[in-house]
Amino acid sequence: MKKPTSGKSLYHYSLVVSILVGLTFISASHVTGQDLDVPYVPTPNNVVERMLDLTDVKSSDYVIDLGSGDGRIVIAAAKRGANGHGIDLDPERIAEARENARREGVDDQIMFMEEDIFDTDFSEASVITMYLLPSVNKKLRPELINKLQPGTQVVSHSFDMGSWKADKKVVVKNNGRSHDIYYWVIPAQTEGTWTWSYNGNNYNMTVNQRFQEISVKLTDGSDTFFDIHKAELKGKRLTVRASSGDQNYIFSGRVEGDKVYGMMQHHNGQEKSFSKWSATKD
Ligand SMILES: C[S@@+](CC[C@H](N)C(=O)[O-])C[C@H]1O[C@@H](n2cnc3c(N)ncnc32)[C@H](O)[C@@H]1O
């Protein structure tokens, strides 16, 4: 910009700068309804308690509420001994939540951060709570599945996650109104081919996965496929029940990255044997 020379142009220059500074200040400090992805509506307290019951929140948990409003969910979690934080874009809500936490005597366990839920790292949570909107849940879905640790619990008031089916759903009444609560556990990534050896055979298990639902094909190196009676993934826990002729097997283990560690039961007629089981994903 050309440097102002005369008194009049200096006046205009200062005016323009003041307006620009003013506009910057307004846009930085004032959040309007349009900036928010979801308007503020608090979750009734009995619904909050049920959400925390479902996730069995305890002192070892770190709870993050996405769009934390007046802070009630994180405050209620802190009263159960948990630590955590709330994230909200609206500075008024953040100030209110901080004041509520202080008044309830839990401000040393929790904090409230003025941030956008789409621009924040919530990977440290062991429990995620939310009361947003269907479109916002859907947009958050890949973030939740890809960034949270397998086994992290997610609970949503009112809204589901589209084609990611809930592991549980409960309905809570409040003042004659029904409130749906949806619950998920972040599944481990098991898609691919897992191999291991047992009794001189090389086992090969191919897993297809969509969210927490899996289908499995299992062979022992021959052309014969086992019959699969159950294939289940709950967080990190993978369980497969299979048989080949009169041989029955239960594989159950904890998925840690590209390894699974656990136990295998082998039923051969009346004989049962148990052995350690570990498999590696290619
Ligand atoms: C329906 S209220 C839920 C409040 C609280 N979780 C509860 O259940 O009582 C949604 C909250 O999300 C906040 N919000 C909306 N869009 C947001 C965004 N992009 N990032 C962070 N917070 C947001 C709003 O300010 C509001 O407080």
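Ala, Val, Leu, Ile, Met, Phe, Trp, Tyr, Cys and Pro count here as nonpolar, Asp, Glu, Lys and Arg as charged, and the others, Gly among them, as polar. With those classes in hand, turn to the ligand. The model is predicted. In it, 23 residues surround the ligand. The closest are Asp37, Thr43, Gly67, Gly69 and Tyr131. Two elements give two or more residues to this shell: α3 (72–79) and β2 (83–88). By class, the shell divides into 11 nonpolar, five polar and seven charged residues.

Step back to the whole chain. The protein has five helices and 15 strands. Of its 282 residues, 31% are buried. Among contacts with a separation of 6 or more, 51% join residues 24 or more positions apart.

Now follow α3, one of the elements that line the ligand. Helix α3 is mostly covered, with seven of its eight residues buried. These are Arg72, Ile73, Val74, Ile75, Ala76, Ala77 and Ala78. What do the buried residues of α3 pack against? Their partners are the helices α2 and α4 (91–103), together with the strands β1 (62–66), β2, β3 (110–114) and β4 (127–130). Strand β2 thus appears twice in this account: it packs against buried residues of α3, and it also gives residues to the ligand shell. Just after α3, Gly81 takes a positive phi of about 105°.

Look next at how α3 meets α2. Helix α2 spans residues 45–54. The two axes come within 10 Å and cross at roughly 55°. An angle from 35 to 65 degrees falls outside the parallel and perpendicular classes, and α2 and α3 are therefore oblique to each other. Their crossing is right-handed. On the α2 side, the contact uses Asn45, Val48, Glu49, Met51 and Leu52. On the α3 side, it uses Arg72, Ile73, Ala76 and Ala77. By class, this contact holds six nonpolar, one polar and two charged residues. The spacing of such residues has a general background. An α-helix has 3.6 residues a turn, so residues three or four places apart point the same way.

Another helix, α5, covers residues 134–147 and contains Leu144. Is Leu144 buried or exposed? It has 21 other C-beta atoms within 10 Å, and the cut-off for buried is 20 or more, so Leu144 is buried. Leaving aside residues up to four places away in sequence, Leu144 touches Ile128, Val154 and Ile186. Ile128 belongs to β4, which spans 127–130, and Val154 belongs to β5, which spans 153–157. Leu144 and Phe122 are 22 residues apart along the chain, and their C-alpha atoms are separated by 8.6 Å.

Two loops deserve a look for their backbone. Most residues other than glycine have a negative phi. Ser158 is not a glycine, yet its phi is positive, at about 75°. Ser158 sits in the loop between β5 and β6 (168–174). It has 18 C-beta neighbours inside 10 Å, so Ser158 counts as partly exposed. Phe211 is also a non-glycine with a positive phi, of about 55°. Its loop runs between β9 (201–210) and β10 (213–219). With 16 C-beta neighbours inside 10 Å, Phe211 counts as partly exposed.

Finish at Lys234, in strand β11 (residues 227–234). Lys234 has 14 C-beta neighbours inside 10 Å and so counts as partly exposed. Arg254 lies 20 residues from Lys234 in sequence. In space, the two are 9.7 Å apart, C-alpha to C-alpha.

How values were computed:
Residues numbered from 1 in each chain as written. Predicted model: local features only at pLDDT ≥ 70, side-chain atom pairs only at ≥ 80, totals over all residues. Near = placed C-beta within 6 Å. Helix = DSSP H or I, 4+ residues; strand = E, 2+ residues; numbered from the N terminus. Buried ≥ 20, exposed ≤ 12 C-beta atoms within 10 Å, placed from the backbone. Axes fitted to C-alpha atoms, helices over the stretch in contact; angles between N-to-C directions. Parallel < 35°, antiparallel > 145°, perpendicular 65-115°, else oblique. Left-handed = near helix turned anticlockwise from the far one by under 90°. Contact = placed C-beta atoms within 7 Å.
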